[in-house]
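Subject: Structure handover

Hello,

Here is the structure I said I would pass on. Please look through it first; my notes follow below.

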Amino acid sequence: MKKLLFTFFVFSATISFAQTVNDVPIRDIDVDYVQIIGTGRSLSTKVNVEIDFGQETKSISFKNGTSIKDEKGRNMKFNSMMDALNFMSANGYSFQFAYTMNDEKDKAIYYILKKNK
């Protein structure tokens, strides 16, 4: 019985501390490539970062399924795109290349990452 409770506790702790995108833990995303998109935040030095791995989103708003959530289900905030890149590297992804979009409506930085096998 103690062994079962310990196993349950360890499993619960692992699940509760995982960062997720669209309710999928980042380390468990089963694709070869992901794209992270960084956009500026109004009146802040931090950036909004979203992940596109080809997922189907659960909402009409595409962005609701692409935000990185912390263990409490809140959107994570990153200091910069380099902060986001280091976060993704710690979660098993390698940088491939980057590009920017800068038009009237969209000013964003896109990083393509490959999942380490």
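**Surface and overall make-up**

The protein exposes about 8200 Å², and carbon and sulfur atoms supply 56% of that area. Please keep in mind that this is a predicted model. Of the 117 residues in the protein, 34% are buried. The protein has two helices and seven strands. Read from the N terminus on, the elements run α-β-β-β-β-β-α-β-β. Among contacts with a separation of 6 or more, 55% are between residues 24 or more positions apart.

**Strand pairing**

Strands of a sheet pair through backbone hydrogen bonds, in a parallel or an antiparallel sense. One open sheet here has three strands in the order β2-β1-β5, with antiparallel pairing. Its edge strands are β2 and β5 (68-69), each of which pairs on one side only. Strand β1, residues 20-21, is joined to β5 by two bridges in the antiparallel sense. Within that pairing, Thr20 has Lys69 of β5 as its bridge partner.

Strand β7 has pairings to go through as well. β3 and β7 run antiparallel and are joined by seven bridges. At one position, Gln35 stands opposite Ile112 in β7. β6 and β7 also run antiparallel, here with nine bridges, and Ala98 stands opposite Tyr111 in β7. How many residues lie between β6 and β7 in their hairpin? There are four residues between the two strands.

**The nonpolar core**

The largest nonpolar core has 19 residues, and Ile36, Ile51 and Met88 are those with the most contacts inside it. Four elements give two or more residues to this core: β3 (33-40), β4 (47-52), α2 (81-90) and β7 (107-115). Which of the elements gives the most to this core? It is α2, with five residues.

Met88 is worth a look on its own. Leaving aside neighbours within four places in sequence, Met88 is in contact with Ile26, Val34, Ile36, Ile51, Tyr93 and Leu113. Two of these contacts, Ile36 and Ile51, are named with Met88 as having the most contacts inside the core.

**A nonpolar patch on the surface**

Phe95, Phe97, Tyr99 and Met101 make a nonpolar surface patch of about 380 Å². Phe95 lies in strand β6, which covers residues 93-102. Is Phe95 buried or partly exposed? Its relative accessible area is 42%, so Phe95 counts as partly exposed, given that buried means under 20% and exposed means over 50%.

**Salt bridges**

The count of salt bridges comes to two. In one of them, the side chains of Asp32 and Lys117 meet at 2.7 Å, N to O. This pair links distant parts of the chain, 85 residues apart: Asp32 is in the loop between β2 (24-25) and β3, and Lys117 is in the segment after β7. Asp32 has a relative accessibility of 37% and therefore counts as partly exposed. Lys117, at 83% relative accessibility, counts as exposed.

Another salt bridge is formed by the side chains of Arg74 and Asp70, at 3.3 Å, N to O. Arg74 counts as partly exposed because its relative accessibility is 48%. Asp70 is buried, with a relative accessible area of 14%.

**The loop with Lys77**

One more position to find in the viewer is Lys77, in the loop between β5 and α2. Leaving aside neighbours within four places in sequence, Lys77 is in contact with Arg41 and Lys46. The C-alpha atoms of Lys77 and Arg41 are 9.7 Å apart in space, and the two residues are 36 apart in sequence.

**Where to start**

If you have time for a few places, I would open the core at Met88, which is among the residues with the most contacts inside it. After that, please look at the patch made by Phe95, Phe97, Tyr99 and Met101, and then at the salt bridge of Asp32 and Lys117.

Regards

Definitions and conventions:
Residues are numbered from 1 along each chain as its sequence is written. This is a predicted model: local features need pLDDT of at least 70, side-chain atom pairs count only at pLDDT 80 or more; totals for chains, interfaces and linings use all residues. Side-chain values use heavy atoms; hydrogens and water are left out. A nonpolar core is a set of buried Ala, Val, Leu, Ile, Met, Phe, Trp, Tyr and Cys residues joined through side-chain atoms within 4.5 Å. Buried means under 20% relative accessible area, exposed over 50%, partly exposed in between (1.4 Å probe, protein chains only). Contact means heavy atoms within 4.5 Å. Patches are made of residues with over 30% relative accessible area and no salt bridge: like charges are joined within 9 Å, nonpolar side chains (Val, Leu, Ile, Met, Phe, Trp, Tyr) within 5 Å. Accessible areas come from the Shrake-Rupley method with a 1.4 Å probe; for residues, only the protein chains shown count as cover. A salt bridge is a side-chain nitrogen of Lys or Arg within 4 Å of a carboxyl oxygen of Asp or Glu. Two strands pair if DSSP finds at least two bridges between them.
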